[in-house]
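Here are a few short exercises to work through at your own pace. Have a look at the sequence and the model, and try each task before reading its solution.

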Amino acid sequence: MTFSPWLRKAALTAHVTSSLGWFGAVAAFLALAVSGLQSADPLKVRSAYLAMDLTAWTVIVPLCIATLVTGIAQSLGTPWGIMRHYWVIAKIVLTVPASAILLLHMRPISYLAEVAAAGTLATGGEHRLRVQLIANAGAALFVLVVTTVLSIYKPRGLTPYGQRAMRRESAER
Amino acid sequence: MIEPESSNTHARNNAPPTTEPAPRWVKIFGAVLVMLLLAFIVMHLVGGGFRGHGA
């Protein structure tokens with residue numbers, strides 16, 4: 001199945017918008033996580049973890065899913081394919097585990113927000129979990145930068161499947 | 001008169017097309033990914049982080 005030029009541009013627009021939106025939301029999440037860990041103001045700490053929970057559920061998770069869906073649609077609906085080029089596979093190999101790790105860490109984020117909302121998050125409390133959220137957000141930003149670089153530079157390299165498909169197509173012409 | 005194909009030519013035409021190996025960046029990318037995966041597993045096992053996700 002190949003998209004029409006109009007549909008292809010629409011899918012590309014959706015993919016770029018959702019992936020860059022995901023990047024921006026994770027950057028905001030990281031800023032909140034750092035602020036929540038470092039601030040001495042209890043109100044600021046409480047607000048940070050409540051905002052992180054809201055941002056994660058209402059912005060990061062939907063954009064993550066939208067990025068995955070539009071990315072796979074882009075691959076299937078264009079000549080790039082899903083298994084033909086190494087750079088496409090590299091993006092999938094990075095994005096799918098990143099999404100899985102994000103979904104796995106939603107419970108700790110909600111837990112911290114609940115503790116913060118109850119006003120029981122003492123200074124230095126849940127330190128390890130709070131540091132872990134910073135590390136996760138930093139790792140997510142790194143992964144998103146790498147996938148953006150892969151999308152823009154599209155480093156050469158056809159997979160064996162891609163090479164066979166290319167030969168088959170040129171023989172049919 | 002058409003010359004018969006030499007055995008070499010025949011062998012060349014019937015040879016399966018060669019598959020190009022993966023570029024160097026793919027190998028480096030794969031190695032880095034495996035190392036990161038191992039580091040992630042070791043960090044979680046050492047820190048007991050896998051059971052901490054339920055909070």
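**Exercise 1.** Find how many residues of chain B are in contact with chain A, and sort them by character.

*Solution.* Start with the contact rule: C-beta atoms, placed from the backbone, lie within 7 Å. By that rule, twelve residues of chain B meet 16 residues of chain A. Next, sort the chain B side: eight nonpolar, three polar and one charged. Here Ala, Val, Leu, Ile, Met, Phe, Trp, Tyr, Cys and Pro count as nonpolar, Asp, Glu, Lys and Arg as charged, and the others, Gly among them, as polar.

A note on the source: this is a predicted model, in which local features need pLDDT of at least 70 and side-chain atom pairs count only at pLDDT 80 or more, while totals for chains, interfaces and linings use all residues. Residues are numbered from 1 along each chain as its sequence is written, and chains are lettered from A in the order in which they are written.

**Exercise 2.** Is Ser110(A) buried, exposed or partly exposed?

*Solution.* Count C-beta atoms, placed from the backbone, within 10 Å of the residue's own: 20 or more others make it buried, 12 or fewer exposed, and anything in between partly exposed. Ser110(A) counts as partly exposed because it has 16 such neighbours inside 10 Å. As a further step, take the C-alpha distance to Trp22(A): the two are 19 Å apart in space and 88 residues apart in sequence.

**Exercise 3.** Work out what share of chain B is buried.

*Solution.* Apply the burial cut-off to the 55 residues of chain B: buried residues make up 2% of them.

Definitions and conventions:
Two residues are in contact if their C-beta atoms, placed from the backbone, lie within 7 Å.
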